[in-house]
Amino acid sequence: MRYLPHTDSEIQDMLQVIGAESLDDLFSPIGQACRRTSALNLPQPMTEWELDRHMAVLAENMGHSQQSMSFLGAGSYDHYIPASLKHLVSRSEFYTAYTPYQPEVSQGTLQAIFEYQTLASRLLGLEISNASMYDGASALAEALLMALRISKKKSTVALSTAIHPHYRQVVATYLQPMGFHIVDIPWGKDGRTDLSHLPQDDLAAVAVQSPNFFGCIEDLSRIAQAAHDQKSLCITAFTEPLAYGLVPSPGSQGADIACGEGQSLGIAQSFGGPGLGMFCSLKKYMRNLPGRLVGQTQDDQGNRGFVLTLATREQHIRREKATSNICSNQGLCATMAAMYLASVGGTGLRELARLNRDKAEYTKNAFTSAGCSLSFPAPTFNEFVIQLPRDAEEAFCQCTEKGIVPGLPLGRYYPQLSDHLLVCTTETKSKQDLDNLVKEVCS
Amino acid sequence: MTTYAVPGTSGLTMNEPLLWERSRKGRCGFSLPSRDVPEADLPDELQTPELDLPDLSELDVVRHYTRLSHWNFGVDTGSYPLGSCTMKYNPKTNEVQAARPGFVHAHPLLPAAMSQGILQLMHDLQNHLAEITGLPHVTLQPAAGAHGEYAGMRIFYAYHQAQGHQRRKILIPDTAHGTNPASAAMCGYQTIPVKSTEKGVLSAKAVEELMDEETAGIMVTNPNTLGLFEENIREIAAIVHGKGGLVYCDGANLNALMGIVDMAQIGVDVLHLNLHKTFAAPHGGGGPGSGPVCVTSELEPYLPIPRVVNEGNRYVLSADFPHSIGRLHTFCGNVGVMIKAASYILSMGAELKTVSQLAVLNANYIKEQLKEFFYLPYDRTCMHECVFSDIWQEKYKVSTLDIAKRLLDFGFHPPTIYFPLVVSGAMMVEPTETESKEDLDRFIQAMMTIAREARENPDLLHQAPSKTKVGRMDETMAARHPCLTG
């Protein structure tokens, strides 16, 4: 096997040094009762070429083809990724390294993460960022746990029902064993969170998503005000950070924590992972942050350099009292996000965000001209909901037969919205694609 | 201005500023798509100030990251015997498989008919992991080892809830990874430490004294972090089960046991794996990883949703499991990492047993040759890793940290240091099976030289490393005056 370098004679020499008769001898501490009695029943080892063929068949048995076209968003977005990113992230000095425990030989990873933390903080308008979380949903769950830690005695959090349903499910998984309460806040007619239902007591945090699951941009400053009035934290989640190329950042609107999914920033969709959990907050909460942090310092010669820092918050030091159990994160994905933001740039990001929104506005108009109606009037970015004159699942099936995935029928998550379709249009869709979508959905 | 021949500006290790120090307003390294729709009016709430992000050209970005990469040590650079991290070779074909357009362009909410290929891959991988571990049911959803531990603890919690009595405590050996107590605490469990014996393993007696009906179970790492097989595991499992508890096994060290131990047979109820350790997926400088969880049939109903289900002639994602602990990840976990691990398993087949044998051979080879030079607190046959201490070097005022830094000058990544906590000045060496005898011999030689230097010229060690891009970093300054953004 090409990954195993040992020759038979080397094995014999090594056994002799150890003083063992055979490889089996090395396992003498394992009693017979613990031993496996049968050989591993796995397929015959494949050659590299057999593996290529096997994987090609699987990869071709997917929806992706020249003819197919997807308008799904809902937490995973189709954006162009420059070829340069794929090449840079394939440098094995990055991807075959471990967490940078030895800073003297990890300055590449450390500087890259420090730069990511900086760009993420600037994009989200907050003072600090961690080195990444697993994904948007677990980032939100950890943000709520952090808010509950900060508030000490409170045990309730309020969650907008216009947050991605999967995020809310993950939050429920994380909060339930700790005995915390989740209060659902409904959305109003305009498609934004309706604050009139906010609980008035025991509230550690108010969490919303913006743009929310319906694509609507929330009135964050009002939500932050309402949260702060009760001395609770305002947490803003997101699934589409590209929106902040155009939409005011959560930090600028008063959010204390902004967290969500960074997949849009140069990371492939890959059936939902690996993506990037982004996590930013105000500096005063630094010691409560979950996850790794990279900080700037200097070496014994006074040269600028970077290290993992504030580790006393973390599991390997603090054990059961840690701010989180997270150890491995999504470091390489964070590096990709920084590469992407650096490539697009501040000037480019504004233009790209604008183009995303313009495609959506064009499509909204085309839908309304074709007899559909917009479900919600609030402003949107690159995703929006339309109400169809028929069941959305029916339209969905009809379109997929023609190779078009027209969006997400919302009845799957919100039974009352069974004739509504969530549609996403990014820069990858041409005007003709958009016209074709409208034609097929409305036919 | 003459800048040539200044260190850091010539040769192959180049200085490189921070991204924004390279920025020139108006540059763009991205091919902006042409506009084919009209510009829509911006409502008032979208009239925002300019973004504070740097502008660079494509070549600026390419040079920036290429130079940064030169300052990094990876498995492809050299031996990386970082204990408990299993830094084995990451085969290149696995990267090719994960990058296939059919996989990378797949949206996670595609209808089942448009995602059969990836669902089949995930289903096959689950079956293979079940065969390798002996535990029949598998979820691939956790995104890392600690996420897997959390899933496992959450399953403990759900199981006890279903028995009608929630328990408050959990037993965790003093040799456990820090993530274990942290994961248990996130389910509200109070952690009760269990001392290991002078042989470096758990005794059935110690567990028996602590196990009661208020204790949810035990979290064991096997082989443990001293690199020793927990030989009393079956007795321990019987005691825990006898009191209605469950046995969790941290499988970070599974690289020693493939094809050798059946986890179900030794009494394990829940086990997490690290695809980025045992199954050759790369660590990515800290992630993404993947931490599947394998369970017994009794615990199968609690696995997280959605699950990949085979409905005869097709695969679907199903959330129809009413006893499930719920969802742990937005979608199905780190699928890209799963593809790499699946590729590895398909390439190795039953040779995975050879992998474990050679991993154990390499660790014992190092242990035998270095134990004359560095104190070996547990002088027994080890599994995939061995742990030394610096106490023989103390008299020269040389510490584990100095030894680790000096190893960098010899071109090796140091072992895991100061862990496990039960060994003073621990150096935990895990060579992995992909290191050849010559590489091991070079490592052994370097360690012997360092042992001699410690006696004869300890300052060489105190001043190490001397051949890296930067010298020893001031970590105290970083923590006292945190600077987390530029």
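Biologist: Is strand β2 of chain B, residues 169-173, enclosed or open, and why?

Modeller: This is a predicted model. Four of the five residues of β2(B) are buried, so the strand is largely enclosed by the rest of the structure.

Biologist: Which strands pair with β2(B), and how many bridges join them?

Modeller: Strand β3 of chain B, residues 190-194, runs parallel to β2(B), joined by five bridges. The chain passes from β2(B) through helix α6, residues 179-185, to β3(B), and this β-α-β crossover is right-handed. Strand β4 of chain B, residues 215-221, also runs parallel to β2(B), with two bridges.

Biologist: What are the bridge partners of B:I170 in β3(B) and of B:L171 in β4(B)?

Modeller: B:I170 partners B:T191 in β3(B). B:L171 partners B:I218 in β4(B).

Biologist: On to backbone angles. What sign of phi do most residues other than glycine have?

Modeller: Negative. A:A74 has a positive phi of about 55° and is not a glycine. A:A74 sits in the loop between β1 (69-70) and α3 (83-89) of chain A. A:A74 counts as buried because it has 25 C-beta neighbours inside 10 Å, and the cut-off is 20 or more.

Biologist: Where is A:S132?

Modeller: In the loop between β2 (128-129) and α6 (136-151) of chain A. A:S132 has a positive phi of about 135°. A:S132 is buried, with 32 other C-beta atoms within 10 Å.

Biologist: And peptide bonds: are most cis or trans?

Modeller: Most are trans. The bond joining A:G273 and A:P274 is cis, with omega about 0°. A:P274 lies in the loop between β7 (257-261) and β8 (277-281) of chain A. The bond from B:A464 to B:P465 is cis, with omega near 0°. B:P465 is in the loop between α13 (458-462) and α14 (475-480) of chain B.

Note on methods
Residues numbered from 1 in each chain as written. Chains lettered and ligands numbered in written order. Predicted model: local features only at pLDDT ≥ 70, side-chain atom pairs only at ≥ 80, totals over all residues. Buried ≥ 20, exposed ≤ 12 C-beta atoms within 10 Å, placed from the backbone. Pairing = 2+ DSSP bridges. Right-handed = clockwise from strand over helix to strand, strands pointing away.
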